[in-house]
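Here's a quick tour for the bench, with an eye on charged pairs and cysteines. Have a look at the model first, then read on.

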Amino acid sequence: MKTKLVSLACLCSAALLAHHGISVSYQLDKSIVLTGIVTEFSFSNPHPQMSLDTKEPDGKLEHWTTEWITSPGRLKRVSGDWNRNRIKPGDSAVVVCNPRKIAGTKDCLLRELTINGQKMKLTEE
C-alpha cells in the first residue's frame, strides 16, 4: 500500500511540474504588445485560450494564440461577469504577453488584456 501511495504521489508531482513549466516554455523576461481582432475564445479548463489576428507593419496578417495562466474558476472569483460569452469573435483586443522561447511560434502567455477599450481583470491584485 505504501508503494502505491508513493507511486501515485510521484505521478501527480510529475504531471504538476510538466503542466506548470511556464518558465521553460515562455520568455518571462520579455513582453510584447499585440493589437488585433479576436477570432476565437475558449473559456475552458485547465486554462482559457484566445486567438487573435494582428497586422504587421507591412500589412501582413498574423494569427496569434494566447495561453492564460489562470483557470475559468479563478476568473469567476476575481470578477463575477467572466463566462464563455465575455469575449467574442470580432472584439478588438490589446494583449500584453510573454512570447514562447521557440523562435517563429505565434503564441504567448497572457499578462494583460484590454477588450473593446476595457481593461479586463485577470487577477485579484
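## Charged pairs and a disulfide

Lys119 has a relative accessibility of 55%, so this residue counts as exposed, the cut-off being over 50%. Keep in mind that everything here comes from a predicted model.

What does the side chain of Lys119 meet? Its partner is Glu112, and the two side chains form a salt bridge at 3.6 Å, N to O. Glu112 itself is partly exposed, with 39% relative accessibility. As a general point, side chains of opposite charge can pair when their charged atoms come close.

That pair has company: the count of salt bridges comes to four. Here are some of them, including the one just described.

| Basic residue | Acidic residue | N to O distance |
|---|---|---|
| Lys119 | Glu112 | 3.6 Å |
| Arg100 | Asp107 | 2.6 Å |
| Asp81's partner Arg86 | Asp81 | 3.4 Å |

How covered are the other residues in the table? Take Arg100 and Asp107, whose side chains meet in a salt bridge. Arg100 is partly exposed at 22% relative accessibility. Asp107, on the other hand, has a relative accessible area of 16%, so it falls under the 20% cut-off and is buried. In the pair made by Asp81 and Arg86, Asp81 is partly exposed at 36%, and Arg86 is partly exposed too, with a relative accessible area of 21%.

Now for the cysteines. The structure holds one disulfide, and it joins Cys97 to Cys108, with the sulfur atoms 2.2 Å apart. The link runs between distant parts of the chain: Cys97 sits in strand E4 (residues 92-99) and Cys108 in strand E5 (residues 107-115), and the two cysteines are 11 residues apart. Which hand does this disulfide have? The torsion about the S-S bond of Cys97 and Cys108 is about -80 degrees, so the disulfide is left-handed. Are the two cysteines, Cys97 and Cys108, buried or exposed? Both of them are buried.

Stepping back to the whole protein, there are three helices and six strands. Along the sequence they come in the order α-α-β-β-β-α-β-β-β. Of the 125 residues in the protein, 32% are buried. The accessible surface comes to about 8,100 Å², and carbon and sulfur atoms account for 55% of that area. As for contacts with a separation of 6 or more, 57% are between residues 24 or more positions apart.

How values were computed:
Residues numbered from 1 in each chain as written. Predicted model: local features only at pLDDT ≥ 70, side-chain atom pairs only at ≥ 80, totals over all residues. Heavy atoms only, no water. Disulfide = S-S within 2.5 Å. Helix = DSSP H or I, 4+ residues; strand = E, 2+ residues; numbered from the N terminus. Buried < 20%, exposed > 50% of the residue type's maximum accessible area, 1.4 Å probe, protein only. Contact = heavy atoms within 4.5 Å. Areas by Shrake-Rupley, 256 points an atom, 1.4 Å probe, with all protein chains shown as cover.
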